[in-house]
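Thanks, everyone. I have one structure to walk through today. Please put it up on the screen.

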Number of protein chains: 2
Amino acid sequence: MLSEAEIIALIREMAPGYVPGAEVQIGDDAAAFHITGDLVLLTTDSIYEGVHFNIPPFHISDVGWKVMAAGVSDIAAMGGEPNCALLSLALHEPPGEGDVRSLIGGVLEMLSSCNCSLIGGDVCRSAGGLALTATVAGTPPPGGPVLRSGAKKGDVIGITGSIGESAAGLHVLKLGSDDLRARYPRVVEAHLRPKPKVKAGALLASCGASAMEDVSDGLAADLRHICDESGLGCELDARLVPLADDLRALAAEVGEDPLDWALAGGEDYELLFTAPPGSFDEAVKCLVDHGTPACRLGVMRPAAEGRVMVKDSGERVDLEGVGYDHFA
Amino acid sequence: MLSEAEIIALIREMAPGYVPGAEVQIGDDAAAFHITGDLVLLTTDSIYEGVHFNIPPFHISDVGWKVMAAGVSDIAAMGGEPNCALLSLALHEPPGEGDVRSLIGGVLEMLSSCNCSLIGGDVCRSAGGLALTATVAGTPPPGGPVLRSGAKKGDVIGITGSIGESAAGLHVLKLGSDDLRARYPRVVEAHLRPKPKVKAGALLASCGASAMEDVSDGLAADLRHICDESGLGCELDARLVPLADDLRALAAEVGEDPLDWALAGGEDYELLFTAPPGSFDEAVKCLVDHGTPACRLGVMRPAAEGRVMVKDSGERVDLEGVGYDHFA
């Protein structure tokens with residue numbers, strides 16, 4: 001069992017010795033890092049055992065990955081580049097060395113996949129279970145951060161990749177079926193180790209996205225955020241929501257509607273964006289050329305027209321009330 | 001009872017509308033702020049109900065104050081100026097509006113006392129009780145951050161103010177005596193609403209401090225941190241530890257040793273520092289001239305001489321094993 005000082009010493013030993021831009025790393029009152037330009041992006045995300053994850057099915061290294069992925073994805077959703085991160089780690093009991101190594105291993109694996117460095121944090125005791133907060137600092141894109149508030153009436157709504165996988169993966173894990181888990185590894189992986197779209201975010205910022213957000217609360221809720229911040233309504237075409245083949249197959253097998261996973265699931269960390277009609281196709285081409293699929297979902301409307309989803313049947317439903325609320 | 005969206009809307013309504021330096025505030029994926037210079041200080045601190053506080057005796061507004069004070073104090077301990085903060089807020093149950101108003105009121109009161117602004121954060125559900133993480137970003141002093149690693153052999157050890165008050169306040173609160181609480185209001189306030197020493201930190205940075213740290217884990221543990229990081233030993237004179245008159249009176253009344261509160265208590269947020277012998281008196285004068293008392297505690301020694309405290313009796317004891325460990 002490790003003491004607080006031993007935990008910090010171990011994290012320090014595991015973190016790379018040389019970090020570009022970092023002047024003060026783990027072990028002082030605060031971290032210090034150099035930035036280029038004069039604007040810093042800063043975000044924080046927390047996850048709690050029993051609320052956001054359980055161990056198992058999560059491996060403790062997945063937990064480290066996941067909390068950092070949430071923070072990195074917020075920076076990606078502004079079109080920014082993550083630079084450095086802090087981890088606030090709270091444990092109910094003194095941990096064993098192996099657990100700390102696995103957890104920090106997951107943190108570092110996530111961060112190194114996007115050239116981001118762990119430079120500080122905090123270790124303390126929790127009231128029960130494992131609790132983690134990631135703080136990620138980043139650099140905005142050259143044209144400034146892409147905000148939720150930037151959409152204009154008539155802008156086309158688009159999305160990268162396919163969505164609903166994280167919720168589908170959670171569904172498989174909750175069913176506890178090893179067979180399903182073995183046959184649908186991609187959706188399970190999407191839940192345990194979501195991959196923030198840093199490169200896609202930067203491309204969208206440079207290719208004319210007017211608003212952007214990561215899909216963390218489910219497509220319906222995240223699209224409402226863009227409507228709220230931009231003072232607009234929207235029309236989302238349900239038939240255009242990108243659902244992967246394995247997701248559809250799984251949904252059919254377990255008797256779920258795959259669209260529910262996409263609309264209300266969240267934690268996909270794909271990028272929801274808007275672009276002016278004249279730039280939208282160019283933005284999608286820009287993404288596809290760099291290996292990221294993207295497609296059209298609908299259009300931004302005047303606020304008075306509400307937030308509407310057009311279903312397969314042609315029926316128009318209100319997007320309000322669809323999606324994830326932490327306290328619902 | 002408020003939903004997640006209503007909590008965020010309320011925090012946004014309460015936070016000041018114009019924040020110098022902030023380009024993106026509450027409501028987007030990440031916050032964005034302008035900095036002067038190219039170096040950013042960044043720190044994070046978490047507190048948990050049942051571990052770091054209980055309500056009562058804490059008022060919920062004290063909890064908001066306290067978590068931000070911990071983060072601000074880390075910036076002060078580098079000689080830096082806090083600029084902006086994020087709050088990660090986790091609640092077990094949907095909160096009432098009054099509780100959110102009180103909590104955020106405490107956060108904003110603390111931050112405004114040191115010209116720091118709340119510009120972002122995260123709201124989610126906790127596994128049990130209230131959990132808060134403060135992230136604070138700041139600007140280093142003109143000569144660069146004052147680190148724990150900067151002490152040299154022969155440097156004089158000093159401290160601002162008087163210490164042990166927070167632990168003494170906790171002792172009063174644990175005894176649950178309204179009488180003691182009424183007669184020792186200052187120590188109770190020191191526990192509930194500790195005051196980070198931002199101005200003193202900046203003065204020490206400009207007046208030649210070689211190393212600095214805030215007293216958060218207790219004087220013994222915090223002095224060991226400076227020894228560890230500077231690769232040195234130390235000799236601390238127990239008779240010089242600044243104990244306030246009311247602290248001594250309380251200790252006598254409840255049969256405790258006030259020195260234990262100072263050495264092992266923590267959360268005082270006074271500044272422990274070192275300075276070369278030729279600059280120490282000047283540094284203390286610089287503090288005193290600006291209204292902050294400060295005094296000498298001992299001297300930094302070669303590592304081989306260990307970390308020693310000289311007691312009233314002249315007995316020399318090892319500082320190891322004295323102080324607070326979250327998992328001890």
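One term before the tour: helices and strands here are DSSP runs, numbered from the N terminus, with at least four residues for a helix and at least two for a strand. With that numbering, Asn115(A) sits in the loop between α3 and β5 of chain A. Its phi is near 55 degrees. That is a positive value in a residue other than glycine.

Now, the status of what you see. This is a predicted model. The scores are ipTM 0.94 and pTM 0.95. Chain A has an average pLDDT of 95. In that chain, 98% of the residues score at least 70. A general caution still applies: where pLDDT is low, predicted coordinates should not be read in detail.

Next, the two chains. How does chain B map onto chain A? By a turn of 180 degrees and a shift of 0.0 Å along the axis, with an RMSD of 0.0 Å. So the relation is that of a two-fold axis. Both copies use the same surface: 100% of the contact residues of chain B recur in chain A.

On to the interface. Contact involves 60 residues of chain B and 60 residues of chain A. Which element gives the most to chain B's side? Strand β3 of chain B, residues 39-48, with 9 residues. By class, the chain B side splits into 29 nonpolar, 16 polar and 15 charged residues.

Now the sheets that run across both chains. Take this one. It is an open sheet of 6 strands with mixed pairing. The order is β5(A)-β4(A)-β6(A)-β3(A)-β2(B)-β1(B). At the edges are β5 of chain A, 117-125, and β1 of chain B, 22-24, and each pairs on one side only. From one strand to the next, the twist averages 20 degrees.

Where do the chains meet in that sheet? Strand β3 of chain A, residues 39-48, joins strand β2 of chain B, residues 31-34. They run antiparallel, with 4 bridges. Leu39(A) is opposite His34(B). Leu42(A) is opposite Ala31(B).

Two helices to point out on this sheet. Helix α2 of chain A, residues 60-76, packs on the sheet and touches β3, β4 and β6 of chain A. Its direction makes about 35 degrees with that of β6(A). Helix α3 of chain A, residues 97-112, also packs on the sheet. That helix touches β4 and β5 of chain A. The angle between the directions of α3(A) and β5(A) is about 150 degrees.

Here is another open sheet of 6 strands, again with mixed pairing. Read across, the order is β1(A)-β2(A)-β3(B)-β6(B)-β4(B)-β5(B). Its edge strands are β1 of chain A, 22-24, and β5 of chain B, 117-125. The average twist is 20 degrees per step from one strand to the next. At the chain A end, β1(A) and β2(A) run antiparallel and share 2 bridges. There, Ala22(A) faces Phe33(A).

Further along chain B, look at β11, residues 294-302. Strand β7 of chain B, residues 156-160, joins it through 5 bridges, antiparallel. Gly158(B) has Arg296(B) as its bridge partner. Strand β9 of chain B, residues 232-237, also pairs with β11(B), antiparallel, over 5 bridges. In that pair, Leu232(B) is opposite Pro302(B).

Now a helix pair in chain B. Helix α4, residues 165-175, packs against helix α6, residues 185-192. The angle is about 105 degrees, and the axes are 7 Å apart. Why call them roughly perpendicular? Because 65 to 115 degrees counts as roughly perpendicular, and α4(B) with α6(B) falls in that class. Among the residues in this contact are Leu170(B) and Leu173(B) from α4(B), and Val187(B) and Leu192(B) from α6(B). The contact divides into 8 nonpolar, 3 polar and 1 charged.

Last stop: backbone geometry in chain B. Two peptide bonds to check here. Ile55(B) and Pro56(B) are joined by a cis peptide bond, with omega about -15 degrees. The bond from Pro56(B) to Pro57(B) is cis too, with omega near 10 degrees. Where is Pro56(B)? In the loop between β3 and α2 of chain B. Pro57(B) lies in the loop between β3 and α2 of chain B as well.

That's the tour.

How values were computed:
Residues numbered from 1 in each chain as written. Chains lettered and ligands numbered in written order. Predicted model: local features only at pLDDT ≥ 70, side-chain atom pairs only at ≥ 80, totals over all residues. Pairing = 2+ DSSP bridges. Axes fitted to C-alpha atoms, helices over the stretch in contact; angles between N-to-C directions. Contact = placed C-beta atoms within 7 Å. Nonpolar A, V, L, I, M, F, W, Y, C, P; charged D, E, K, R; others polar. pLDDT = per-residue confidence, 0-100. Parallel < 35°, antiparallel > 145°, perpendicular 65-115°, else oblique. Least-squares fit on C-alpha atoms with pLDDT ≥ 70 in both.
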